[in-house]
Amino acid sequence: MAADSSKIPAWPAWRQLANGDPVGLGASAFSPRSRALKARINEADRAVGSVCPYCGVGCGQQVYVKDGKILDIEGDYDSPISRGCLCPKGAATMQLVTGTHRVKTVLYRRPYGTRWEEIPLERALDLVARRVQKTRDDTWEDQHEKGHPLRRTLGIASLGGATLDNEENYLIKKLFSSLGVVQVENQARI
Ligand code: SF4
């Protein structure tokens, strides 16, 4: 059993030997301050299982919540993908929620504009829909010159980001295929 480190001199090598902890990874690595530290997640009401949204690896996460607010996001030890680990991006996921740089409104820079304007989401969706429709109409190929049916447009392509999950990718593929778009890719596959 390790000795009581509070009664052992402060010299590190001596403390490690006296503690039966020669490599200094046990009790002798603690200071009074670090012994008093408590994990943030001790205060949580509950933990909610989730998946890191940053890339296609899909590491498991536990989102710790207190009073309806996120306290911390950590790796999920039960995940067969990541076994509790998160890379630096995944470990910083909480900033997606709390980061002061997060953009929460739609920003639009009109053609030849020099600054971003805030516009309502409905207007942005309407602009996107109109442009998709116009591009599709202008570039539609109904059939090959030899008469084979094509029913496609090469004027639109979709490149998804790795933060899209399986369900979002499924819906994106369905949407673009229904429009006759054949160039549909995802960054995680490249
Ligand atoms: S960004 Fe990092 S933590 Fe997130 S899924 Fe990819 S590898 Fe895992």
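**Strands, domains and positive phi angles**

In strand E7, the residue that forms the bridge partner of Trp 140 is Thr 153. This pairing belongs to a predicted model, and it can be placed in a wider setting: strand E6, covering residues 140-143, and strand E7, covering residues 149-160, run antiparallel and are joined by three bridges. Between the two strands of this hairpin there are five residues, and within the hairpin Gly 147 takes a positive phi near 100°.

Positive phi values also appear in residues other than glycine, and one of them is found in strand E7 itself, where Arg 151 has its place. The phi of Arg 151 is near 50°, a positive value although the residue is not a glycine. Arg 151 has 10 C-beta neighbours inside 10 Å, and because a residue with 12 or fewer is classed as exposed, Arg 151 counts as exposed.

Another such residue is Tyr 112, whose phi is positive and near 65° even though Tyr 112 is not a glycine. Tyr 112 is located in a loop, the one between strand E4 (106-108) and strand E5 (117-119). With 5 C-beta neighbours inside 10 Å, Tyr 112 therefore counts as exposed.

Turning to the chain as a whole, the domain assignment of the protein gives domain 1 as 5-36, domain 2 as 41-98 and domain 3 as 119-189. For domain 1 and domain 2 a distance is also available, since their C-alpha centres lie 32 Å apart.

Terms used. Residues are numbered from 1 along each chain as its sequence is written. This is a predicted model: local features need pLDDT of at least 70, side-chain atom pairs count only at pLDDT 80 or more; totals for chains, interfaces and linings use all residues. Two strands pair if DSSP finds at least two bridges between them. Helices (H or I, at least four residues) and strands (E, at least two) are DSSP runs, numbered from the N terminus. Domain bounds come from an automatic or database domain assignment. A residue is buried if 20 or more other C-beta atoms lie within 10 Å of its own, exposed if 12 or fewer, and partly exposed in between; C-beta atoms are placed from the backbone.
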